[in-house]
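Subject: Structure for you to look at

Hello,

Here is the structure I said I would pass on. My notes on it follow below.

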Amino acid sequence: MHYAAEGGGAGGFTPILMIALLFGVMYFMMIRPQQKRRREAEAMQSALSPDDEVVTIGGLYGTVTGVEDDSVLLEVAPGVQARFARPAIARVVTRAELPSEATAEEPGAGAVKD
């Protein structure tokens with residue numbers, strides 16, 4: 001009986017260390033990457049603008065025609081518009097061109113040569 005009492009002190013620390021190590025691994029392997037993906041999704045959803053082509057979480061492709069505080073108006077077919085919540089937008093397929101990008105093309109690119 002005397003031997004069990006001596007070994008109990010060192011053996012009691014090992015399970016606590018293993019549990020702490022398990023929580024540390026779970027944080028770095030699961031929780032932290034999920035938080036990063038969520039922040040990226042929120043940034044993408046807040047940067048939506050008209051003429052962006054997007055895909056919803058349901059797989060519906062559409063073009064953004066209007067943006068409000070918590071919703072987005074998508075044109076899913078010519079003349080057919082549907083309102084979606086911002087979190088329902090899964091990804092942006094193509095971004096709308098900014099007017100400055102269209103005018104920043106090479107000078108004379110559209111000119112006709114004789």
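I begin with one residue and its surroundings. Met-44 is in contact with Ile-89, Ala-90, Arg-91, Val-92 and Arg-95, leaving aside its neighbours within four places in sequence; contact here means heavy atoms within 4.5 Å.

Some notes on the source. This is a predicted model, in which local features need pLDDT of at least 70 and side-chain atom pairs count only at pLDDT 80 or more, while totals for chains, interfaces and linings use all residues. Residues are numbered from 1 along each chain as its sequence is written, and side-chain values use heavy atoms, with hydrogens and water left out.

The core

Met-44 belongs to the largest nonpolar core, which has eight residues in all: Met-44, Leu-48, Val-54, Val-64, Val-72, Leu-74, Ile-89 and Val-92. Such a core is a set of buried Ala, Val, Leu, Ile, Met, Phe, Trp, Tyr and Cys residues joined through side-chain atoms within 4.5 Å. Buried means under 20% relative accessible area, exposed means over 50%, and partly exposed lies in between (1.4 Å probe, protein chains only). Strands β3 and β5 are the elements that give two or more residues to this core. Helices (H or I, at least four residues) and strands (E, at least two) are DSSP runs, numbered from the N terminus.

Next to Met-44 in the sequence is a polar residue, Gln-45, found in helix α1. Is Gln-45 buried or exposed? Gln-45 is buried, because its relative accessible area is 6%. Not counting residues up to four places away in sequence, Gln-45 touches Arg-38, Arg-86, Pro-87 and Ile-89.

The sheet

Five strands make an open sheet in the order β4-β3-β2-β1-β5, with antiparallel pairing. β4 and β5 are at the edges with a single partner strand each, so one side of each has no neighbour in the sheet. From one strand to the next the twist averages 45°, where axes are lines fitted to C-alpha atoms (for helices over the stretch in contact) and angles run from 0 to 180 degrees between N-to-C directions. Two strands pair if DSSP finds at least two bridges between them.

Going through the pairs:

- β3 (residues 71-77) and β4 (residues 80-85) run antiparallel and are joined by six bridges. Val-72 has Phe-84 in β4 as its bridge partner. The hairpin of these two strands has two residues between them, and Gly-79 takes a positive phi near 80° there.
- β1 (residues 53-56) and β2 (residues 61-67) pair in the antiparallel sense over three bridges. In β2, Tyr-61 is the bridge partner of Val-55, and Gly-62 is that of Val-54. Four residues lie between the strands of this hairpin, and Gly-59 in the turn has a positive phi of about 90°.
- β1 is also joined to β5 (residues 89-94) by four bridges, again antiparallel. Thr-56 stands opposite Ile-89 in β5.

Ahead of β1, Asp-51 is found in the loop that follows α1 (2-46). Its phi is near 80°, a positive value in a residue other than glycine. Asp-51 counts as exposed, at 54% relative accessibility.

Salt bridges

How many salt bridges are there? The count comes to three, a salt bridge being a side-chain nitrogen of Lys or Arg within 4 Å of a carboxyl oxygen of Asp or Glu.

- Arg-95 pairs with Asp-52, the closest N and O atoms being 3.0 Å apart. This pair links distant parts of the chain, 43 residues apart: Arg-95 is in the loop between β5 and α2 (99-103), and Asp-52 in the loop between α1 and β1. Arg-95 is partly exposed at 43%, whereas Asp-52 is buried at 0%.
- Glu-68 and Arg-83 meet at 3.1 Å, N to O. Glu-68 lies in the loop between β2 and β3 and Arg-83 in β4, so the pair ties together parts that are 15 residues apart in sequence.
- Glu-42 pairs with Arg-38, with 3.5 Å between the closest N and O atoms. Both lie in helix α1, four residues apart, about one turn of the helix.

Regards
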